[in-house]
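Me: I am new to this structure. Could you take me through it in short questions and answers?

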Amino acid sequence: MMSYQEMHQCSISQPAEFWGALAEELHWYRKWDTVLDDSNAPFFRWFVGGETNICYNAVDRHALGPKRGQAALIWESPEADQSRTLTFHELYREVNRLAATLKALGVQKGDRVIIYMPMVPEAIFSMLACARIGAIHSVVFGGFSISSLANRINDAEPTMILTADAGLRKGLPVPLKEIVDESLELATVDTVKHVLVLERGIVKNTMKEGRDLDWQTQVNEHGKPYVEPERMLSTDPLYILYTSGTTGKPKGVVRDTGGYMVALHASMGHIYDVGDGDVYWSTSDIGWVVGHSYIVYAPLLKGVPTIVFEGRPDHPDPGVWWRVIEKYGVTCMFTAPTALRALRKFPEHWMQQSDLSSLKRVFSAGEPLDGPTYDWATAMLGLPVIDHYWQTESGWSMIANSVGIEDLPIKSGSPTFAAMGHHLEVVDIDGNPVPRGEKGLLVDYPPLPPGMLLTLWNDDDRYLKSYWTHFKDKQLYLTGDYAIHDADGYFWLLGRADEVMNVSGHRLGTREIEEVVSSHPAIAEASVIGVRDELRGEAVLVVSVLKAHIVPAEQDKIANEIRQLVRERIGAIATPHGVHFVSTLPKTRSGKIMRRVIRAVYQGDNIGDLSTIEDDATVDMVREAVEIMKGEF
Ligand code: ATP
Ligand code: MG
């Protein structure tokens, strides 16, 4: 057995040998000519000349083999009060029927198909059916607003949209079809020929003659038991996924077929330590990159059952997740800090009611896993929560404890070491490495490993500008995050480079102060922002949510304790100028705190373009939080 160090070294010094061997584990119609083509860097291309189909590898390979009768997709919907388990064969059948239907309706290889669906099995059939016939899917989170859907339609120019009458959120309908109708009114392109509508019987909608088609009727009419998978070039785009946009205008991340497939398949062993006999649950949504990779493609490629959950962690009550784990004997769970923090607010009996002994591994990504949340979850689950770091752009983890290779000691608050193929460094503004233990920008040395974005849709220029041209004479992939690489090789994420404060000439990351604030026992959630200050340039402002049992009379005392804590642990320069308590923090739908919005509200600036929050429900939630916050400042 190779150690992590040996294997990682091999992955970056001999990438072609390393990834080439892993690619052999999958099915190719035609083998590649070149493992890595870096002749047009930084546009890296993997398995060039190779032909494959990711749907064949994720579905057919198992359905036509010994796993035919084993569970592939487990749908659990507390929202609809329904559940359904499909074997690999049943999944194969559904995907083929839908693929035949899409073809019959005119969808061709290379066409874009927008999937604007709730978390139902048909959403996963849709992604796989597109992949089967070589159409490029673009899943839009089923909670995004009319204008954000319209923007994506304009950018992706789809020929078809797959949707449902409605999604459900805490029992209330989200009228997806109606939102599609209005988005198409608003969109400036006229490429959409059909809208296929899954009728769930939740809301009534009007069908536009000729354009809108009933899902079930079409599948009954055109469905076939077998559609030959399209032989895709490894470098052909599989999907476009727009980033969540906590910082600016969404970018259409383009993913390839072969490199992504090989990287995801390998990650199931290397990072998640998952194989036969496991039951995998990513609590994300197919609208996010985590959902693409770890609800759909990776578990199915690996041939393990994946749980598709339609609901929230606290509906109908805060015990619902833990019951799912007991019901299906989940062995590996992948969640986000925001969900763990939400659940931490509730009494422990909600968790203790369920038997969680099947769990072997629990992972977290999306934001820093703060110490108090890590401690709480680890104690409650009896397992360490393994933090890992990645981006929509990366498709899979960039920094992780690759426990399937070697279970490295955990340092709470650090996602550990670089993942296979990632050669990460922390550099200064000129791109030169800073000494270990010092803060800097996190970058990835080329070549980028398989699975990383190909480019931005229709915008090679923005790809170069966003990620590659930051340093004058060095070609480094800029993650946009500040980090520390410590003496033991662990990486520590300090927040986004655009969220760094400049207090009297000192550059302070939001993350480290937040970590200190969160460690106070009265704090449920904390955000730290830099606000304008005539004297210091910027001043540190703490905006946090108190735990439910704290009474207002204690607030002044707690604020003083927080100031004291920050002064002791970080230094006087970081002492918060203000400490405010609010009842709710504005967040994106994927749970990321929008510091930009908090800053604007506090400073009385125009909150500006809330549309980048990408979602009506969230826009309303944020407006509400903002209104409440205004009164609380
Ligand atoms: P946009 O790029 O459009 O502004 P976004 O960066 O929020 O949106 P994502 O790609 O979903 O969209 O998020 C990736 C970012 O999330 C990372 O760059 C990092 O800032 C943060 N992140 C993800 N995982 C972790 C983690 N484990 N620890 C710390 N930060 C993390
Ligand atoms: Mg980003």
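**Helices and salt bridges**

Me: Is T378 buried or exposed in this predicted model?
Reply: The cut-off for buried is a relative accessible area under 20%. T378 has a relative accessible area of 19%, so T378 counts as buried.

Me: Which residues does T378 touch, leaving out those up to four places away in sequence?
Reply: T378 sits in helix 14, which covers residues 371–381. With residues up to four places away in sequence left out, the contacts of T378 are L383, P384 and V385.

Me: How are helix 12 and helix 14 oriented to each other?
Reply: Helix 12 spans residues 337–344, and its axis lies 10 Å from that of helix 14. The two pack at an angle of about 70 degrees. Angles of 65 to 115 degrees count as roughly perpendicular. Helix 12 and helix 14 are therefore roughly perpendicular.

Me: How many residues in the contact of helix 12 with helix 14 are nonpolar?
Reply: From helix 12 come P337, L340, R341, L343 and R344; from helix 14 come P372, T373, W376 and A377. Of the residues in this contact, 2 are charged and 1 is polar. The nonpolar ones number 6.

Me: Which residues are linked with R341 in a network of salt bridges?
Reply: R341 is one of the helix 12 residues that meet helix 14. R341 also belongs to a network of salt bridges. Its other members are E367, D370, E525 and K587.

Me: How many residues apart in sequence are the parts that E94 and R84 tie together?
Reply: The side chains of E94 and R84 form a salt bridge, 3.2 Å from N to O. E94 lies in helix 4 (residues 88–104) and R84 in strand 5 (residues 82–87), so the pair ties together parts whose separation in sequence is 10 residues.

Me: How far apart in sequence are the parts that E310 and R200 tie together?
Reply: The closest N and O atoms of E310 and R200 are 2.8 Å apart, in a salt bridge. E310 is in the loop between strand 17 and helix 11, and R200 is in the loop between strand 11 and strand 12. The pair therefore ties together parts separated in sequence by 110 residues.

Me: Is D317 buried or exposed?
Reply: D317 meets R323 in a salt bridge of 3.0 Å, N to O. R323 is partly exposed at 35% relative accessibility. D317 has a relative accessible area of 17%, so D317 is buried.

Terms used. Residues are numbered from 1 along each chain as its sequence is written. Chains are lettered from A and ligands numbered from 1 in the order in which they are written. This is a predicted model: local features need pLDDT of at least 70, side-chain atom pairs count only at pLDDT 80 or more; totals for chains, interfaces and linings use all residues. Side-chain values use heavy atoms; hydrogens and water are left out. A salt bridge is a side-chain nitrogen of Lys or Arg within 4 Å of a carboxyl oxygen of Asp or Glu. Helices (H or I, at least four residues) and strands (E, at least two) are DSSP runs, numbered from the N terminus. Buried means under 20% relative accessible area, exposed over 50%, partly exposed in between (1.4 Å probe, protein chains only). Contact means heavy atoms within 4.5 Å. Axes are lines fitted to C-alpha atoms, for helices over the stretch in contact, and angles run from 0 to 180 degrees between N-to-C directions. Angles under 35 degrees count as roughly parallel, over 145 as roughly antiparallel, 65 to 115 as roughly perpendicular and the rest as oblique. Ala, Val, Leu, Ile, Met, Phe, Trp, Tyr, Cys and Pro count as nonpolar, Asp, Glu, Lys and Arg as charged, and the others, Gly among them, as polar.
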